[in-house]
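Biologist: Hello! I am new to this structure and would like a close look at a single part of it. Could you walk me through it?

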Amino acid sequence: MATNTKSFLADAGYGEQELDANSALMELDKGLRSGKLGEQCEAVVRFPRLFQKYPFPILINSAFLKLADVFRVGNNFLRLCVLKVTQQSEKHLEKILNVDEFVKRVFSVIHSNDPVARAITLRMLGSMASIIPERKNAHHSIRQSLDSHDNVEVEAAIFAAANFSAQSKDFAVGICNKISEMIQGLATPVDLKLKLIPILQHMHHDASLASSSRQLLQQLVTSYPSTKMVIVTLHTFTLLAASSLVDIPKQIQLLLQYLQNDPRKAVKRLAIQDLKLLANKTPHTWSRENIQALCESALNTPYDSLKMGMLSVLSTLSGTIAIKQYFSSAPGAAATTARSFDLVKLAQECCYHNNRGIAAHGVRILTNISASCQEKDLLPLEQDAVFGLEALLVLCSQDDSPGAQATLKITLTCMVKLVKCRPHLSQSVVESLLTQLHSAQDNARILMCHCLAAIAMQLPVLADGMLGDLMDLYKLIGQSATDKKQELLVSLATVIFVSSQKALSTEIKTVIKQQLENASNGWTAYRIARQASRMGNHDMARELYQSLLTQVASEHFYFWLNSLKEFSHAEQCLTGLQEDSYSSALSCIAEALKSYHKGIASLTAASTPLNPLSFQCGFVKLRIDLLQAFSQLICTCNSLKTSPPPAIATTIAMTSGNDLQRCGRISNQMKHSMEEFRNLATRYGDLYQSSFDADSATLRNVELQQQSCLLISHAIEALILDPESASFQEYSSNGTAHVESEYERRMMSVFNHVLEEVESLNRKYAPVSYLHTACLCNAVIALLKVPLSFQRYFFQKLQSTSIKLALSPSPRNPAEPIAVQNNQQLALKVEGVVQHGSKPGLFRKIQSVCLNVSSVLQSKSGQDYKIPIDSMTNEMEQRVEPHNDYFSTQFLLNFVILGTHNITVESSVIDSNGIVWKTGPKTTIFVKSLEDPYSQQVRLQQQQGQPPLQQQQQRTAYSRF
């Protein structure tokens with residue numbers, strides 16, 4: 001616990017004074033100039049932390065130049081420290097601006113008489129290969145050092161040669177012959193040959209180079225049959241093929257040949273490891289013959305460890321396109337049944353193997369075949385997969401060892417996958433899980449509960465009859481208070497919430513609360529409350545948040561829990577809605593709004609500068625506005641009764657040519673209402689676009705809210721405002737789209753029901769009748785009756801991505817403008833750094849950053865000419881791809897008009913699917929456009945009635961003649 005706290009404090013920057021970049025660098029520079037070796041070393045090793053904190057080129061360039069100085073004049077230990085810092089900070093190397101100067105200082109040590117100093121320099125050059133790939137003096141030094149008599153220096157040269165070969169085609173071509181001579185030379189010791197061979201994996205820059213490297217490796221494999229040599233050569237062979245791509249099928253055949261024919265276990269293991277690498281990288285290059293050969297080897301081998309390796313390759317392939325090729329290209333496929341295939345035989349044989357790992361891979365292969373191959377003759381394999389899974393479940397749930405837990409995870413993942421593809425198997429799978437829950441170990445129970453919840457989220461398979469079993473188990477667990485039991489309480493409560501899709505019964509609530517009072521800590525109660533909010537059980541959640549209010553340590557946590565309590569109470573108020581009871585609906589919404597307003601005040605108080613809760617506030621504000629819009633719509637519908645159209649409404653409609661006027665004031669109110677719902681849909685879209693780090697379930701939730709707004713606006717248009725042109729094609733349900741949660745399932749069924757109602761009324765009756773208003777009110781009530789789900793991102797941020805921008809030129813004082821002459825252009829350089837949390841790219845990755853620069857004239861100085869609008873503003877956009885989380889680009893901006901201009905630079909992110917996310921940040925600087933001196937002089941002369949300067953000069957020149 002102490003270490004966690006320490007790292008948390010270090011990340012937050014507590015305990016160390018916040019310094020700006022220059023002060024931090026000066027502090028370290030003082031250490032570098034110290035006379036004591038220990039202080040110098042300490043200063044050097046603190047540089048990576050500085051680079052993380054201030055990752056912009058201006059600081060990194062200065063810091064690396066200082067390190068290069070230390071490298072040049074320090075002793076070997078200091079040089080080693082600088083080398084380690086350089087290797088740790090590899091992604092910052094490209095930000096060095098004075099590369100020549102940096103290399104010159106480092107390179108001077110290569111001429112030292114000390115072989116260790118030369119070796120460290122070679123390693124330093126190798127670590128910098130990405131920024132100096134074509135430096136001929138570095139290439140020459142590496143070639144020379146390969147001939148050195150000092151072992152340490154030769155090893156360093158090999159390291160540098162490998163790094164430069166990966167980066168530079170010229171160096172790779174030049175060094176290839178030298179390395180092949182050394183490898184084939186009799187004078188080179190074997191251990192050195194083993195270190196030289198892996199360099200050949202980088203010889204993939206063109207086809208001829210790759211081909212000559214393959215020939216050399218082929219010779220080595222046959223000439224040197226010793227185990228170590230074969231292993232290193234084969235692995236280099238595989239990596240070369242994986243990079244050059246063209247030789248992968250040949251490489252698969254070669255590895256299978258060694259797997260079948262070489263009697264040495266170590267070689268077989270290496271062949272399996274490399275086959276796994278190729279199965280992951282290029283499954284489409286595996287032919288049916290390759291898979292068949294692998295199956296035969298697995299069936300014939302007597303060794304469990306080798307069988308397990310081969311099955312692991314096959315289970316990887318079974319989840320890819322290769323499996324379809326295997327079944328579709330079978331000779332006489334029509335005549336053979338599924339069970340006569342070797343792969344299926346192997347999987348069935350392994351399902352009940354006494355080695356758990358082998359059984360897990362067997363079951364995984366069967367599951368993948370059942371999931372991806374829908375042919376009729378493969379259907380019997382479903383049952384084989386289910387029986388195999390059940391057997392493994394029984395075996396692993398009784399065992400508490402790490403191996404058993406890993407196998408159980410594979411088993412449960414396969415169960416979820418199988419049930420997702422074949423829903424008719426869900427009942428038997430769920431029953432076997434519930435049966436096994438009672439006798440399983442606690443670790444296994446937690447995993448099984450996660451599996452049950454995952455299945456029940458997709459399909460409503462947990463019937464009320466099963467709740468009794470779960471409740472008995474819940475009572476039993478609550479007796480002890482170990483960490484595992486706490487975890488299990490949360491997992492079980494989640495399953496109970498998922499299975500009781502409607503409101504929880506009083507009995508269940510009492511049991512849950514009792515157990516929490518007996519044995520749990522506050523954190524467990526909070527996690528259970530969080531799950532209740534996620535599943536829509538708001539009454540349970542409210543009671544739990546209420547009980548936790550007095551158990552928290554800080555004011556911010558108190559306000560956070562209080563806001564959650566108020567939101568849960570607000571949503572609970574909406575559960576009492578009844579169809580056709582509009583006045584009670586209005587009072588329920590008003591009660592909910594009251595709680596929501598209290599909650600948003602609390603939520604604002606809970607936010608801090610480090611954790612501004614922007615998504616939560618945005619989501620809740622939109623919910624408040626949506627409820628107000630719903631309330632307004634019901635009032636508008638009621639206004640047909642309270643203020644019907646006047647007697648002259650028809651005449652007004654005829655004279656104005658607007659047929660809707662005959663409905664009276666309700667038509668205008670409906671128009672406002674429709675615009676309001678469209679506006680809300682746009683705002684939900686903006687919230688979606690700004691939530692780059694959100695998980696898919698949260699984004700789907702926001703999307704459903706947006707769709708409900710669009711649905712109501714469409715219903716208003718179709719029923720009242722424009723029934724003739726209303727189209728239902730684009731809104732029709734997208735059939736069998738996969739539904740991820742119960743909340744989504746219920747929302748989709750409400751959408752479909754409302755659309756059917758609207759379509760049946762549309763064009764039957766002239767608007768506006770009581771049928772139309774009743775249909776709209778019932779649509780609102782139906783949407784509100786589905787309990788809102790607060791998804792994970794509302795409580796927890798698993799992925800964290802932010803962008804930090806630096807503009808240059810930048811003023812010393814943010815309010816101070818930058819001076820530019822109006823006849824010149826301003827070159828605005830925008831640099832940025834992408835910063836990640838602990839799990840970068842968990843949900844989506846940044847492909848490129850879109851930078852938008854706009855300038856607006858704020859205040860004019862000088863004469864008021866008529867100015868074309870396009871010269872008053874600048875609008876530019878550029879897309880840049882970050883490299884090592886850093887990007888930079890430049891914009892040329894015109895400021896023809898004199899005065900102060902406001903420049904705004906806004907960044908947004910494009911992910912790997914091409915979707916744009918408005919993540920920010922937005923940075924603003926001011927520019928003051930000044931008149932250039934010559935124009936100013938001319939203008940002043942014109943004002944004073946003097947001829948311009950040029951004419952004066954001409955006159956004086958003529959007067960001389």
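Biologist: Let us take Asp399: is it buried, partly exposed or exposed, and what is its relative accessibility?

Modeller: Happy to help! Please keep in mind that this is a predicted model. Asp399 counts as partly exposed, because its relative accessibility is 26%, which falls between the 20% limit for buried and the 50% limit for exposed. Its side chain meets that of Arg356 in a salt bridge, with 3.0 Å from N to O. Asp399 sits in the loop between α22 and α23 (402-421), while Arg356 belongs to helix α21 (residues 356-372), so the salt bridge ties together parts that are 43 residues apart in sequence. Arg356 is partly exposed as well, with a relative accessible area of 25%.

Now step back into helix α22, which covers residues 380-397 and contains Glu382. With a relative accessibility of 7%, Glu382 counts as buried, because the limit for that is under 20%. Setting aside neighbours within four places in sequence, Glu382 touches Ser370, Arg422, His424 and Leu425. Take Leu425 from that list: 43 residues separate Glu382 and Leu425 in sequence, yet their C-alpha atoms are 8.4 Å apart in space.

The salt bridge of Asp399 is part of a wider picture, since a search of the whole structure finds 33 salt bridges. One of them joins Arg214 to Asp247, with the closest N and O atoms 3.6 Å apart. Here helix α13 (residues 207-223) supplies Arg214, and the loop between α14 (227-244) and α15 (248-261) supplies Asp247, 33 residues apart. Arg214 counts as buried at 11% relative accessibility, and Asp247 is buried with a relative accessible area of 11%.

Another salt bridge runs between Lys485 and Asp442, whose closest N and O atoms are 2.9 Å apart. This pair links helix α27 (residues 483-499), home of Lys485, to helix α25 (residues 442-458), home of Asp442, across 43 residues. Lys485 is buried at 18% relative accessibility, and Asp442 is buried at 17%.

Finally, a word on confidence. The protein chain has an average pLDDT of 85, and 88% of its residues score at least 70. Over residues 956-961, however, pLDDT is below 50, and the model gives this stretch zero contacts beyond near neighbours in sequence. Where pLDDT is low, the predicted coordinates should not be read in detail.

Conventions. Residues are numbered from 1 along each chain as its sequence is written. This is a predicted model: local features need pLDDT of at least 70, side-chain atom pairs count only at pLDDT 80 or more; totals for chains, interfaces and linings use all residues. Side-chain values use heavy atoms; hydrogens and water are left out. Helices (H or I, at least four residues) and strands (E, at least two) are DSSP runs, numbered from the N terminus. Buried means under 20% relative accessible area, exposed over 50%, partly exposed in between (1.4 Å probe, protein chains only). Contact means heavy atoms within 4.5 Å. pLDDT is the predictor's confidence in each residue, from 0 to 100. A salt bridge is a side-chain nitrogen of Lys or Arg within 4 Å of a carboxyl oxygen of Asp or Glu.
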